[in-house]
Structure formats: structure tokens, C-alpha cells
Amino acid sequence: MVETLSGTRAHREPKYWALKQHLLDLLESLPAGAAIPTERALASEFTVSRTTVRQALADLTAEGRLHRVQGKGTFAAEPKLAQRLELSSYTEDIRAQGREPSSRVLEIDEIPAEGELPRLLGIRTGAKVLRLRRLRLADGEPMALETTHLPSSRFRGLRRHVASGGSLYEALRDRYGVELDRAEQTIETSLAGPQEADLLGADVGMPVLLLSRQTFASDGKPVEYVRSIYRGDRYKFVTTLTRP
């Protein structure tokens, strides 16, 4: 193994990159939760510095391939949740994967519609908007931070229905007769700030997926505007592409 790292490939690639590829090969044969060798053992086996080992481990942790537990070690991570890009609720998506969804309501308040919100929600500037901020979990594990904006005048009384952490889409359908029809969604990459990292149980600077979605009802009117921050180490999105 030492010869591989010090051979031709090592002259073309940084040492940490070559070590990372060897660790990826190792992870292919390990079940989720299995411990990997310590930093000291890896540094000795591959004749590299502890700094090089840490860089390779940091990359694999950020990519969701490893899970590091302070004071216990580094372990093969659980597979990422593969969510299809469909107009469905978080509750539906997580249940479809055999896991138990839950939400922790962080904030519910009313704000005036300013900036892009009037256009996104089809309301006048200054009109009241219900803002709902939630931490989304799967089997108790934090997965995403979600901030939803809805026109208050259209959904009077909604605040008390969602305060308990139930499905927003179920409330819209069952209590307000709203059938969702389509959505415009964008996905970008970003890095977790201190507050996001704390709530998601992740490291500051961890890669995250930033989703923005404007959802429309069957009558063509905007229903919500949502911005979500998903853990990049625990999530991937899947879609089916067809030719137009």
C-alpha cells in the first residue's frame, strides 16, 4: 500500500487525495457503523502525516461517507437519504423511506410582505405573511431547516394547526381544501453557518443543499414560498429526466 501512495499516482495527486481513494475502497467493504482505523494507524500504514490523514477524513466526512464521534472514533456512515424531486411533503418523503418523520417548530410569527415575497405569494406589499420555521428530523436525527411563508389572509387559523408539528400539506388539504398542483424549485450549494450547524448537529462550514420552492395550487394561485437547508452529508436528490 505504501508503494501505491508513493508511486506514479502520488506524483500527479496530493497525498491526501490518494489516501482518500484508498479509504473509499475500504468503505465499499464495510457496513454502516463499522469503525475505521485511527488517524495514527492510517498515518503509519500509508507513511503520511497526521495532517494528511485529517484532510482525507474531513473530505469524506463532509461528503457523508464517514461519521465522526468526538472521543469515540470515525465510522462508516449510513447511506444518504435519496429523495425524489416531486411535489410531496417532507412527511411523505421520509415515510416512503421507512423512517419516522418529525418536526420541531422553532418559530411562528407574522411579518409584512417585503422584498420578493409580494411577488412570490401574489399579495400586496405590506400584507401579512405567516412565517413558519421548523427543524425537520428523521428517526430523531436532524435533517433540514425549513422556513415557509404563506399569505395570512388566505389561511386564517393555520398557525394553531401547525404549532404542534403536524404536516403542513395535510392541514392545507384537509382544513382549507387546497390541492397543490405544481412548484418551481431551485437547488444550490452553500456552507452551514454557526446557527445552522448548531441546529443540524453538524460542523460549521459543512456543505449544505439550499432549496427554494414556490408552490402553486390547482387554481393557479401561489400557496407558499419555502427556503430549506438540507445536510449535504445526509441527503441526495433524485429525479427522472425526459427529452422535451
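These legends walk through several close-up views of a predicted model.

**View 1. Two domains along one protein chain.**
Let's start with the overall layout. The domain assignment splits the protein chain into domain 1, covering 15–76, and domain 2, covering 81–238. If you take the centre of each domain over its C-alpha atoms, domain 1 and domain 2 are 34 Å apart.

**View 2. Helix H3 crosses helix H5.**
Here we look at a pair of helices. Two packed helices are described by the angle between their axes and the distance between the axes. Helix H3 is made of residues 15–28 and helix H5 of residues 50–62. Their axes come within 8 Å and cross at roughly 55°. What do we call an arrangement of H3 and H5 like this one? An angle between 35 and 65 degrees is neither roughly parallel nor roughly perpendicular, so H3 and H5 are oblique to each other. The crossing of H3 past H5 is right-handed.

**View 3. The residues where H3 meets H5.**
Now for the side of each helix that takes part in the contact. From H3 come Lys15, Tyr16, Leu19, Lys20, Leu23 and Leu24. H5 contributes Thr52, Val53, Gln55, Ala56, Leu57, Asp59 and Leu60. Sorted by character, the residues of this contact are 8 nonpolar, 2 polar and 3 charged.

**View 4. Alanine 138 in strand E5.**
Strand E5 runs over residues 128–138, and alanine 138 lies in it. Is alanine 138 buried or exposed? Its relative accessible area is 0%, and buried means under 20%, so alanine 138 is buried. Which residues does alanine 138 touch, leaving aside its neighbours within four places in sequence? Its contacts are Leu81, Tyr90, Ile94, Arg99, Glu100 and Met143. Threonine 91 is 47 residues away from alanine 138 along the chain, yet their C-alpha atoms are separated by 9.2 Å.

**View 5. Aspartate 139 in the loop between E5 and E6.**
Aspartate 139 sits in the loop that links E5 to strand E6 (141–151). With a relative accessible area of 47%, aspartate 139 is partly exposed. Its backbone is worth a look too. Most residues other than glycine have a negative phi. Phi of aspartate 139, however, is near 50°, a positive value.

**View 6. Threonine 47 between H4 and H5.**
Our last stop is another loop. Threonine 47 lies between helix H4 (39–46) and H5. Phi of threonine 47 is near 55°, which is positive in a residue other than glycine.

Conventions:
Residues are numbered from 1 along each chain as its sequence is written. This is a predicted model: local features need pLDDT of at least 70, side-chain atom pairs count only at pLDDT 80 or more; totals for chains, interfaces and linings use all residues. Side-chain values use heavy atoms; hydrogens and water are left out. Axes are lines fitted to C-alpha atoms, for helices over the stretch in contact, and angles run from 0 to 180 degrees between N-to-C directions. Helices (H or I, at least four residues) and strands (E, at least two) are DSSP runs, numbered from the N terminus. Angles under 35 degrees count as roughly parallel, over 145 as roughly antiparallel, 65 to 115 as roughly perpendicular and the rest as oblique. A crossing is left-handed if the near helix is turned anticlockwise from the far one by less than a right angle, and right-handed if clockwise. Contact means heavy atoms within 4.5 Å. Ala, Val, Leu, Ile, Met, Phe, Trp, Tyr, Cys and Pro count as nonpolar, Asp, Glu, Lys and Arg as charged, and the others, Gly among them, as polar. Domain bounds come from an automatic or database domain assignment. Buried means under 20% relative accessible area, exposed over 50%, partly exposed in between (1.4 Å probe, protein chains only).
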